[in-house]
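Student: I'd like a close look at one part of this protein: its charged side-chain pairs. Could you walk me through them, and then show me what else lies on the surface?

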Amino acid sequence: MAKVTVDPLRCEGKKTCAQICPAGVFRMEKAPTSLPVLVLVKVFVHGGRQAVVANEAACTACMKCVDACPEVAIRVTA
């Protein structure tokens, strides 16, 4: 089973991972206010939500999310 992580300090909430994932591994959730201010500003510009791993068991390690993430915020390991 693949291990999927999203770095909240890098994710700006552009939704590309959630849109491209064929297995529905990601969900967009409101960003925590505990993040650094610069990160919060970047996330706010894109809707105030960040990607979170919601269904890791469904991941097939196709790596589409890793390739699509412009912030290089996603890591998939086997």
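Tutor: Happy to. Let's begin with glutamate 56, which is buried because its relative accessible area is 19%, under the 20% cut-off. Please keep in mind throughout that this is a predicted model.

The side chain of glutamate 56 meets that of lysine 3 in a salt bridge, at 3.9 Å from N to O. This pair ties together distant parts of the chain: glutamate 56 sits in the loop between β3 (49–53) and α3 (64–68), while lysine 3 belongs to strand β1 (residues 3–6), 53 residues apart. Lysine 3 counts as partly exposed, with 45% relative accessibility. So here a buried glutamate 56 is paired with a partly exposed lysine 3. As a general point, side chains of opposite charge can pair when their charged atoms come close.

The structure holds 4 salt bridges, so there is some company to visit, given that the term covers a Lys or Arg side-chain nitrogen within 4 Å of an Asp or Glu carboxyl oxygen. One of them joins glutamate 12 and lysine 14, whose closest N and O atoms are 3.6 Å apart. Glutamate 12 is buried, at 15% relative accessible area, whereas lysine 14 is partly exposed, at 35%.

Another salt bridge brings together the side chains of arginine 27 and glutamate 29, with 2.7 Å from N to O. Both ends of this pair reach the partly exposed class: arginine 27 has a relative accessible area of 43%, and glutamate 29 has 31%. Going back to glutamate 12 and lysine 14, shared partners link Glu12, Lys14 and Glu71 into one network of salt bridges.

Now for the surface beyond the charged pairs. Proline 36 is in the loop between β2 (26–30) and α2 (37–45), and it is partly exposed at 42% relative accessibility. Its C-alpha atom is separated by 7.8 Å from that of leucine 9, although the two are 27 residues apart along the chain.

Valine 37 lies in helix α2. At 63% relative accessibility, valine 37 counts as exposed, because the class begins over 50%. Together with Val41 and Val45, Val37 forms a nonpolar surface patch with about 290 Å² of accessible area.

To tie it together, your tour has gone from a salt bridge between glutamate 56 and lysine 3, through the network of Glu12, Lys14 and Glu71, to a nonpolar patch of Val37, Val41 and Val45.

Definitions and conventions
Residues are numbered from 1 along each chain as its sequence is written. This is a predicted model: local features need pLDDT of at least 70, side-chain atom pairs count only at pLDDT 80 or more; totals for chains, interfaces and linings use all residues. Side-chain values use heavy atoms; hydrogens and water are left out. Helices (H or I, at least four residues) and strands (E, at least two) are DSSP runs, numbered from the N terminus. Buried means under 20% relative accessible area, exposed over 50%, partly exposed in between (1.4 Å probe, protein chains only). Patches are made of residues with over 30% relative accessible area and no salt bridge: like charges are joined within 9 Å, nonpolar side chains (Val, Leu, Ile, Met, Phe, Trp, Tyr) within 5 Å. Accessible areas come from the Shrake-Rupley method with a 1.4 Å probe; for residues, only the protein chains shown count as cover.
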